[in-house]
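The following exercises ask the reader to examine a protein and its ligand step by step. Each task is followed by a worked solution.

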Amino acid sequence: MSTLDQAQQRYAASLMNTFGPPKLQLVRGAGAHVWDADGNEYVDYLGGIAVNALGHAHPALVEAVTTQLQTLGHVSNFFTTEPQVELAEKLLELVGGGTAADGRVFFTSSGTEANEAAFKLTRRTGRTHVVATEGGFHGRTMGALALTSKEAYRTPFAPLPGDVTFVPYGDADALAAAVTDETAAVLVEPIQGEAGVVVPPAGYLAAARSIADEHGALLWIDEVQTGMGRTGRWFASEGVRPDVLTVAKGLGGGFPIGACIGLGEAGALLQPGNHGTTFGGNPVACAAGLAVIRTIEAEGLLERATVLGERLRSGLAADDRVTEVRGAGLMIGLDLSADAAAEVVAAGLRHGFVLNNTTPARIRLVPPLVLTDADVDALLAAWPAILDDAYAASDASDASDIAAGKDS
Ligand SMILES: *Cc1c(COP(=O)(O)O)cnc(C)c1O
């Protein structure tokens, strides 16, 4: 039995089957590369789902986490620590574009928890109605799930917290029609990640801002995936002022941390006793967040994300089996001419690349921001062969479906 078969068997016998069988057993990483248990090397274009901003085993992150853990690892929220306050201040400074924004931060350990904090915060307006978008994704806990439109995720867990209206994403008129004077908040992603990197029309976020203002509703921008430099800017919503901003994925570079940032009056809506967390704001997680931000600054990774993203988008689009390429910075979505996305991911692994499929014909790439020019060259060189393999496998499975008399 292969090493992977053995790992999959032990996995299946000991872990809940929520994710399906793991594709690889990974043992080690460095930069944007990972190695499996058989010694095969891959360029990691998934980056732990937009999490490993500094790649794997970045010395600055290792040093920050190790030093903090050796000094003081956890204290509970009865106490504070220097990394906690410093990271909150730093986030407010980034949101303010260099000068501290007037706001307050609530730290969590994940994206869904950042959104739970934000959801509870919106209830403190005295209103309960939230307008969210079709195709949006905000997490898997009951509150965040109530704000996520995908029926397959929701239906098995009904009833969910109510009073949520979903409107088509990117459609400012639909948003204007749904928001009323009873609306607590408008919730949007600047670019939808889980939907396959869906970019709204220019001016959509600004329209959401003015629609929310007209009705005294909060504008809540979920930057759990787009935030922390992913799109070549600290926040993809830069230029539009949110009332609530949630971040997580890239923030800790792989160390679990999220944040709900309330700006202006929204920063004071949650009061003592309203919310809490044991782990959120843990000094090790906050030290990780500070190391990520400082390294993005020191290594010029925002600019790198922009430059590499442009090269990748134009290089990948050069193959005519790619019908559309979208995104910003190192958040890239592309559509294929056939439902071959799963085959592209499988072929990618055979060629030494970790890729991701969000829908049957859509590929998402969210690699580490420390991706090198050589990593980009490698994918662009292999891309036609990956598509050849994937399309051959997809045709073969269509042919066997037809032979077996299955409908497509
Ligand atoms: C991933 C994601 C979440 C949920 O984050 P978790 O850490 O998985 O709970 C929420 N919102 C967006 C936009 C995301 O991409």
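**Exercise 1: The ligand shell**

Task: Identify the element that gives the largest share of the shell around the ligand, then describe the shell and its polar contacts.

Solution. Helix α5 (residues 111–123) provides the largest share of the shell, 3 residues; helices (H or I, at least four residues) and strands (E, at least two) are DSSP runs numbered from the N terminus. The model is predicted: local features need pLDDT of at least 70 and side-chain atom pairs count only at pLDDT 80 or more, whereas totals for chains, interfaces and linings use all residues. Residues are numbered from 1 along each chain as its sequence is written, and side-chain values use heavy atoms, with hydrogens and water left out.

Step 1. The ligand is surrounded by 13 residues, the closest being G111, T112, D222, Q225 and K249; a residue counts as near if one of its heavy atoms lies within 4 Å.

Step 2. By class, the shell holds 2 nonpolar, 7 polar and 4 charged residues. Ala, Val, Leu, Ile, Met, Phe, Trp, Tyr, Cys and Pro count as nonpolar, Asp, Glu, Lys and Arg as charged, and the others, Gly among them, as polar.

Step 3. Consider polar contacts (pairs of N or O atoms within 3.5 Å). An oxygen atom of the ligand lies 2.8 Å from a backbone N or O atom of G111. A polar backbone atom of F137 is 3.2 Å from a ligand nitrogen atom. For K249, a polar side-chain atom lies 2.6 Å from an oxygen atom of the ligand.

Step 4. The protein buries 82% of the 380 Å² that the ligand exposes when taken alone (Shrake-Rupley method, 1.4 Å probe).

**Exercise 2: The domains**

Task: Which residues of domain 1 lose the most area to domain 2?

Solution.

Step 1. The domain assignment, automatic or from a database, gives domain 1 (3–55 + 300–407) and domain 2 (72–298).

Step 2. Contact (heavy atoms within 4.5 Å) takes 26 residues from domain 1 and 28 residues from domain 2.

Step 3. About 2,100 Å² is buried between the domains, with 61% from carbon and sulfur atoms; buried area is the accessible area (1.4 Å probe) that two parts lose on being put together, summed over both.

Step 4. The residues sought are L54, L302 and M331, together 30% of what the domain 1 side buries.

Key. A polar contact is a pair of N or O atoms within 3.5 Å; within protein, one must be able to donate a hydrogen and the other to accept it, and residues adjacent in sequence count only if both atoms are side-chain atoms.
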